[in-house]
Amino acid sequence: MSDRNRELIQRDLAVLWHPTTQMKDHEDGVPLIPVASGRGAWLQDQEGGWYLDAISSWWVNLFGHCNPTINEAIRTQLERLEHVILAGCSHEPAVTLAERLVSLAPSGLERVFFTDNGSSSIEVALKMSHHFWRNTGHPEKTRYINLSNSYHGDTIGALSVGDVGVFKDAYEPLLMEPITVPSPDCFHREPGQSWAEHSESMFAHMEAALEEHAHETAAVILEPLVQGAGGMRMYDPIYLQRLREACDRHGVHIIADEIATGFGRTGSLFACEQAGISPDFLCVSKGITGGYLPLAAVLLTERTYQAFYDDFTRLTGFLHSHSYTGNPLACAAALATLDLLAEPETMTRNQETARLMAEAAAPLAKHPNIGEVRQTGMILAMELVQDRERCTPFPWHERRGLSAYRHALKRGVLMRPIGNVLYWMPPYVIDAEEIRLLGEVTAEAVDVAAQTPWNRSR
Ligand SMILES: *Cc1c(COP(=O)(O)O)cnc(C)c1O
């Protein structure tokens, strides 16, 4: 490694604590990448080394790094107003963005509450749902139903309704206790069963939980179609249709966490569209600014809004805020992102890109150490396994995914597997040649990982 790269890494490790990182890993062979610039689907380090950003910088980037349209929108806004308190003040970018989100979202979602990151939008939806029931004479609705293997963020409330042990276990004594229902995740379907058959049959668990707990439950919270941090596990839209019908029948809200799936990622603008349903709360973030600036929003119904609307002295208001709520620069980036999404060629190009991804992954589906290749739109994932026939996993502590990660990095591809799940979730601007590279490097990385556990790979 060159001196400039090495020097920055040394300074970094002396002062920074990185997110979701066991910092000792960086002294045990996991390289830290000193990124100096980005362009399109690529990141460049301080010495001119390039890395293909196959994970859209943690699923946020849609139209490439340093996108000229978004850059320009932020620059223009920067000359007018950088930020203003959104309580008591209004500004054009927030209003226009709210109008546009409402016009794009599934029908019935007519109000927008901004926050400044995904987790905080989950906190808002959880609080609002309970508070709605309280304001309408049901203060006993204080619980949430979630799915096994779900992820909704790392703040205490969001962590409570998630179900990924590595993120959650240490904090268990601090958390609310959700009612957890087995996920409709199709990785666990019987041989010969279709996704729809499996997901639909799994709904029996949800129905039973609603029967038993609806009276004390404010909302069901779930990630529509793809459970992201849980390893890109996927399920059929039929589950969401069943859920909408059942929640209406039982008087329970649906909180759709589309923080990862929103804005075209799954092949439709929102994943809920594929089921033709409208949730009561829709949480969006990540791709909303094209991966530029922190911003999130909760979209909700007029009925919910009206349950809070009254004379101040009746104390029914929603008194919740984050300092950077509705930041104008972030809203400007979001508006430019929505412009790009609205171009007719964007979604057709995504379909073509998704097809190229499937093609590039097809040879991997036959690899003796790949248990499954699955895809929903612009998310393609594969399970690295010890034995393909029985889908036996590698022991978790062998950290095979990390061996794959390091190999891919050496070949100029940034992948960051989730445990032993390797996935591609690239910016929408990735081209055919880059996808071909992704396929080639992933195949090599799978070979390396299958041969060598992390602790013996150095
Ligand atoms: C990333 C993510 C969150 C949390 O968003 P942050 O902005 O990281 O707080 C919540 N839910 C899902 C589905 C996510 O993918």
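Me: How many cavities of 30 Å³ or more does a search of the whole structure find?

Reply: The search finds 2 cavities of 30 Å³ or more. This is a predicted model, in which local features need pLDDT of at least 70, side-chain atom pairs count only at pLDDT 80 or more, and totals for chains, interfaces and linings use all residues. Residues are numbered from 1 along each chain as its sequence is written, and side-chain values use heavy atoms, with hydrogens and water left out.

Me: What makes a space a cavity and not a pocket?

Reply: On a 1 Å grid over the protein atoms alone, a cavity is a set of points where a 1.4 Å probe fits but cannot get out, whereas a pocket is an open set with protein on both sides within 12 Å along at least five of seven lines. A volume is the space filled by probe spheres set on the points, which are joined across faces, edges and corners. The largest cavity has a volume of about 40 Å³, and the second largest holds about 30 Å³.

Me: Which residues line the largest cavity?

Reply: A lining residue has an atom within 4 Å of a point. Among those lining the largest cavity are Ser150, Tyr151, His152, Asp163 and Lys168. At least two lining residues come from each of α6 (156–160) and α7 (165–168); helices are DSSP runs of H or I with at least four residues, strands are runs of E with at least two, and both are numbered from the N terminus.

Me: How is the lining of the second largest cavity divided by class?

Reply: It has 5 nonpolar, 2 polar and 2 charged residues. Ala, Val, Leu, Ile, Met, Phe, Trp, Tyr, Cys and Pro count as nonpolar, Asp, Glu, Lys and Arg as charged, and the others, Gly among them, as polar. Trp59, Arg265, Lys286 and Tyr428 are included in this lining.

Me: What is the volume of the second largest pocket, and which element gives the largest share of its lining?

Reply: The volume is about 1000 Å³. Its lining comprises 37 residues, of which Val112, Phe113, Tyr305, Phe318 and His320 lie nearest the centre. The largest share, 5 residues, comes from β4. By class, this lining has 20 nonpolar, 12 polar and 5 charged residues.

Me: Why does the pair formed by Ser119 and the ligand count as a polar contact?

Reply: A polar contact is a pair of N or O atoms within 3.5 Å; within protein, one must be able to donate a hydrogen and the other to accept it, and residues adjacent in sequence count only if both atoms are side-chain atoms. A polar side-chain atom of Ser119 lies 2.5 Å from an oxygen atom of the ligand, so the pair meets the cut-off. Asp257 places a polar side-chain atom 2.6 Å from a ligand nitrogen atom, and Lys286 places one 2.6 Å from a ligand oxygen atom. Taken alone the ligand exposes 380 Å², of which the protein buries 83%; these areas come from the Shrake-Rupley method with a 1.4 Å probe, and for residues only the protein chains shown count as cover.

Me: How do you know that β13 and β14 pair?

Reply: Two strands pair if DSSP finds at least two bridges between them. Strands β13 (residues 370–376) and β14 (residues 379–387) have 6 bridges in the antiparallel sense, and therefore satisfy that condition. They form a hairpin with 2 residues between them, and Gly377 in the turn has a positive phi of about 55°.
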